[in-house]
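Thanks for coming, everyone. Let me put the structure up, and then we will walk through it.

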Amino acid sequence: MSLPLILSDEVKSALNKGAPVVALESTIITHGMPYPQNLETAQAVEAEARNSGAVPATIAVLNGMIHVGLEAGQLQQLAQTPDARKLSRADLAVCLAQKATGATTVAATMICADLAGIKVFATGGIGGVHRGAENSFDISADLAELAQTPVTVVCAGAKAILDIAKTLEVLETGGVPVITFGQSDFPAFWARDSGLPSPLRMDDPAEIALAHHLRGALGLPGGQLVANPIPPIDEIPLAQIGPVIEQALAEAKVQNIGQKQVTPFLLARIFVLTEGRSLKANIALVLNNVRLGAKIAAALTHS
Ligand code: PSU
Ligand code: MN
């Protein structure tokens with residue numbers, strides 16, 4: 001059976017030449033930011049990848065086909081499809097079978113990037129262990145994906161909407177290297193420090209690329225999680241964002257938000273409660289992650 005997988009011409013030619021390619025997810029577009037900032041951000045992120053010497057490969061499912069690399073019109077259309085499905089490992093094949101349209105989460109983007117032969121993926125935040133998971137059992141499928149699919153994911157750490165300590169524990173159990181870039185504390189998305197030490201630290205993109213290759217050579221399944229702290233000028237310290245997160249979490253509880261809706265609900269509420277400041281920081285950190293992703297992708301093609 002042939003895979004319903006379409007690589008854009010630009011991505012195909014970059015991969016054939018062995019040129020650096022950075023995968024990008026689409027759930028951040030449909031479920032992570034409001035229109036039109038979602039489209040503007042997606043376009044700016046692609047431009048930043050190119051400026052940094054890598055070909056961007058935004059991944060999404062359009063009418064039952066996995067697209068790796070979207071044309072400008074496809075990106076525009078997806079940004080205005082708020083009812084696109086939110087696809088993780090569990091729903092990818094069903095979406096294809098039903099010829100539906102969906103955005104890929106970190107987990108689904110890793111699966112599709114790996115199918116296309118892309119080794120690096122840059123995004124904002126990953127899913128993780130939600131607070132209260134001891135009762136709700138809400139643990140993102142992103143964590144299990146990192147443990148089994150060989151893609152290096154660059155993020156800005158984990159949001160404090162999650163239980164960051166438990167998220168690090170689950171990653172450790174899954175054998176996922178959690179590497180903070182350039183500092184010893186694990187970052188918390190809007191904030192540079194989560195207050196928790198990072199399990200690993202690396203300061204050189206070439207070494208991160210080498211570690212990616214060595215995991216493969218050792219026969220270890222899974223990828224690497226690279227946590228890249230938000231630039232200092234864009235940071236919202238935990239003391240400021242903390243109370244907003246608490247309020248959003250309390251509202252989610254009262255409204256009985258569950259399953260896939262939890263993360264999008266919290267992101268949307270935090271956006272409103274910070275009057276857009278959270279979004280500005282979010283955009284800055286994604287751009288920062290794409291720059292690092294491009295460096296790792298370039299080093300991967302040499303090492
Ligand atoms: N965290 C963010 N922004 C996001 C997401 C997470 O700060 O856009 C998205 C990513 O696509 C991630 C997904 O893979 O939410 C996780 O959803 P869940 O917690 O339902 O697994
Ligand atoms: Mn969940």
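Start with a term: a salt bridge here is a side-chain nitrogen of Lys or Arg within 4 Å of a carboxyl oxygen of Asp or Glu. Now the ground rules. This is a predicted model, where local features need pLDDT of at least 70 and side-chain atom pairs count only at pLDDT 80 or more, while totals for chains, interfaces and linings use all residues. Residues are numbered from 1 along each chain as its sequence is written, chains are lettered from A and ligands numbered from 1 in the order in which they are written, and side-chain values use heavy atoms, with hydrogens and water left out.

Salt bridges, then. Side chains of opposite charge can pair when their charged atoms come close. Searching the whole structure turns up nine salt bridges. Take Arg131 and Glu246: their closest N and O atoms are 2.9 Å apart. This pair links distant parts of the chain, 115 residues apart. Arg131 sits in the loop between strand S7 (120-122) and helix H7 (133-136), and Glu246 sits in helix H11 (residues 238-254). Helices and strands are DSSP runs numbered from the N terminus: H or I with at least four residues for a helix, E with at least two for a strand.

How exposed are the partners? Buried means under 20% relative accessible area, exposed means over 50%, and partly exposed is in between, with a 1.4 Å probe and protein chains only. Arg131 is partly exposed at 34%. Glu246 is partly exposed too, at 43%.

Next pair: Arg269 and Glu251, at 2.4 Å, N to O. Again the link is between distant parts of the chain, with Arg269 in helix H12 (residues 262-273), Glu251 in helix H11, and their positions 18 residues apart. Buried or partly exposed: which is Glu251? Glu251 counts as buried, at 17% relative accessibility. Arg269 is partly exposed, at 23%.

A third pair joins Asp203 to Arg201, with the closest N and O atoms 2.9 Å apart. Asp203 is partly exposed at 46%, and Arg201 is partly exposed at 43%. There is also a network of salt bridges, linking Glu134, Asp163 and Lys166.

On to the domains. The bounds come from an automatic or database domain assignment. That assignment gives domain 1 (1-118) and domain 2 (124-303). Their centres, taken over C-alpha atoms, are 19 Å apart. Contact means heavy atoms within 4.5 Å. By that rule, 32 residues of domain 1 are in contact with 29 residues of domain 2.

Now the nonpolar core. That is a set of buried Ala, Val, Leu, Ile, Met, Phe, Trp, Tyr and Cys residues joined through side-chain atoms within 4.5 Å. Which members of the largest core touch the most others? Of its 100 residues, they are Val68, Ile118, Val153 and Ile296. Helix H13 (residues 277-302) supplies the largest share, 12 residues. Each of the two domains gives this core at least three residues. Ile296 touches Val120, Val154, Pro205, Ile208, Ala209 and Val226, leaving out residues up to four places away in sequence.

Empty space next. On a 1 Å grid over the protein atoms alone, a cavity is a set of points where a 1.4 Å probe fits but cannot get out; a pocket is an open set with protein on both sides within 12 Å along at least five of seven lines; lining residues have an atom within 4 Å of a point. Points are joined across faces, edges and corners, and volume is the space filled by probe spheres set on them.

The largest pocket has a volume of about 570 Å³. It has 31 lining residues, and the closest to its centre are Lys86, Thr105, Gly127, Asp142 and Thr263. H12 gives the most to this lining, with four residues.

The count gives one cavity of 30 Å³ or more. The largest cavity holds about 130 Å³. Among its 15 lining residues, Glu25, Ile28, Ile29, Ala42 and Val45 are the closest to the centre. H3 provides the largest share of that lining, five residues.

Last, the backbone. Tyr35 and Pro36 are joined by a cis peptide bond, with omega about 5°. Pro36 lies in the loop between H2 and H3. Asn63 has a positive phi of about 45°, though it is not a glycine. Asn63 is exposed, at 56%. Asn256 also has a positive phi, near 55°. Asn256 lies in the loop between H11 and H12, and is exposed at 69%.
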